[in-house]
Structures are given as C-alpha cells and as structure tokens.
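Trainee: I would like to take a close look at one part of this protein, the sheet. Could you walk me through how its strands are put together and what surrounds them?

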Amino acid sequence: MLIGYARTSTLDQDAGFEAQLRDLTALGCEKLFKEQVSSVAPRKQLEAALEFARHRDILVVTKLDRLARSVVHLGKIIETLEAKGVALRILDLGVDTTTPTGKLMLNVLGGVAQFEREMMLERQREGIKSAKEAGKYKGRKPTVRARSEEIKALADQGMSMGAIATKLGIGKGSVHRVLNANG
C-alpha cells in the first residue's frame, strides 16, 4: 500500500499543501496523513502514519523537508520504517528505498546533510574565535548574576521562584541557580 504524508508549517501555505495532496493522490496513495504544523511541533499525523504502515507498505512524501527536521530525525524515521519492513519514497529526489540504489542515495543525502551541518558549526566557531581575538566578541552579558542580590532580596520577602522570574523577566531556572548557589 502507498501511504502519503503531507505537511506544511503554517495554515498560510495552502497552495503548497494542496500541491502535495494532489501529487500524492495522483501517484495512487491509498491512505493520506496530512497536517499543518511546524516541523519542531508534535506531529501527530506523522506518528499516525508510522504506526499505520505495515510490512511491504511504502511511505511517500513529496519532499524530504516535509518529512524530517534533521538528519537525526530522518535516521529515527528510517529506523522505524525498516523495523516494520516499510520503504520510503521521496518524490522530488527520486529516492525509493525499495531499491538498493534508493537506499544508497538516502544514506548519501543524509551524510551530505550531516557534513554540511558540521561545516557550518565549524565556520561559526572559527568566526567567534576570530571575533574574540579582535576584541569584538564579548559574549552574552551575565544578566542574572548581575541581578543576584535583587533575586535574593525578593526571595527573602517570600516571593516564589516563578513570581521572581516573571517580575524580573528571566527564566525560573536562572532564579533557581542563583538561590541554590553555594549551598
């Protein structure tokens, strides 16, 4: 069975959403799972599609970014599909894991994406190091430590950590760290 999964990040992307549904239907997907949520939000329809898929089914998406938010996430999805004997087809890339070439291509694409991410992080670290050496990068100001006396005073007045955080516009965890430092 061909199982289609369509997703857009927002409700404003109706044209893209409709195009995905049209392409998946034209391909012959018998079951469609669709949602309009951010890739980082809980994706109940993706979970439902993965749960629904059975041995020898094929999960179909129009584009890789509609399915996975990262290489790690893609790896988890593939692991889930492989454990169930389910293949993956990505239309715009021409990847179909029912073939050895398709499996290879998916691994190569995942490796390239991971490599690019690592290169970006390395360039970022080099840029920060260069800026520090030039005296142009100071990092974020330690705002909470500068307000530690104020935090302690509010706590001494009986104010809760949550109330202190709200009043000062800082995180509750930061308040907790200040109040639990040295003891």
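**A close look at the sheet**

Mentor: Let's start at one end. Strand 4 (residues 87-90) and strand 5 run antiparallel and are joined by 2 bridges. Within that pairing, Arg89 has Asp96 in strand 5 as its bridge partner. The side chains of Arg89 and Asp96 also meet, in a salt bridge with an N to O distance of 3.1 Å. Side chains of opposite charge can pair when their charged atoms come close. Asp96 has a relative accessible area of 16%, so Asp96 counts as buried.

Please keep in mind that this is a predicted model. The mean pLDDT of the chain is 89, and 99% of its residues reach 70 or more. Among the elements of the chain, strand 3 has the highest mean pLDDT, 98, while helix 6 (residues 143-146) has the lowest, 75.

Now step back to the whole sheet. It is an open sheet of 5 strands, in the order 2-1-3-4-5, and the pairing is mixed. Strand 2 and strand 5 (95-96) stand at the edges with a single partner strand each, so one side of each has no neighbour in the sheet. As a general point, strands of a sheet pair through backbone hydrogen bonds, either parallel or antiparallel.

Next, follow strand 1, which has partners in both strand 2 and strand 3. With strand 3 (residues 58-61), strand 1 pairs in the parallel sense over 3 bridges, and Leu2 stands opposite Ile58 there. With strand 2 (residues 31-36), the pairing of strand 1 is again parallel, over 6 bridges. Here Tyr5 stands opposite Phe33. To get from strand 1 to strand 2, the chain crosses through helix 1 (residues 14-27), and this β-α-β crossover is right-handed.

How covered is strand 1 (residues 2-8)? Of its 7 residues, 7 are buried. You can check this face by face: Leu2, Gly4, Ala6 and Thr8 on one side are buried, and so are Ile3, Tyr5 and Arg7 on the other. In other words, both faces of strand 1 are covered.

Let's return to the charged pairs, since Arg89 and Asp96 form one of them. A search of the whole structure finds 5 salt bridges. Another one joins the side chains of Arg22 and Asp23, at 3.5 Å from N to O. Arg22 has a relative accessible area of 53%, so Arg22 is exposed. Asp23, at 32%, counts as partly exposed. A further salt bridge, between Asp65 and Arg66, spans 3.4 Å from N to O. In that pair, Asp65 is partly exposed at 42% relative accessibility, whereas Arg66 is buried at 14%. As you compare these pairs on the screen, look at how each partner is covered: Asp96 is buried, and Arg22 is exposed.

Finally, look away from the sheet to the surface. Leu104, Val108 and Val112 make a nonpolar surface patch of about 260 Å². Of these residues, Val112 lies in helix 5 (residues 100-133).

If you want one route to retrace by yourself, begin at Arg89 and its bridge partner Asp96, and then read the sheet in the order 2-1-3-4-5. When you reach strand 1, pause at Tyr5 opposite Phe33 and at Leu2 opposite Ile58.

Key. Residues numbered from 1 in each chain as written. Predicted model: local features only at pLDDT ≥ 70, side-chain atom pairs only at ≥ 80, totals over all residues. Heavy atoms only, no water. Buried < 20%, exposed > 50% of the residue type's maximum accessible area, 1.4 Å probe, protein only. Helix = DSSP H or I, 4+ residues; strand = E, 2+ residues; numbered from the N terminus. Pairing = 2+ DSSP bridges. Right-handed = clockwise from strand over helix to strand, strands pointing away. pLDDT = per-residue confidence, 0-100. Patch = residues over 30% accessible without salt bridge, like charges linked within 9 Å, V, L, I, M, F, W, Y side chains within 5 Å. Areas by Shrake-Rupley, 256 points an atom, 1.4 Å probe, with all protein chains shown as cover. Salt bridge = Lys/Arg side-chain N within 4 Å of Asp/Glu carboxyl O.
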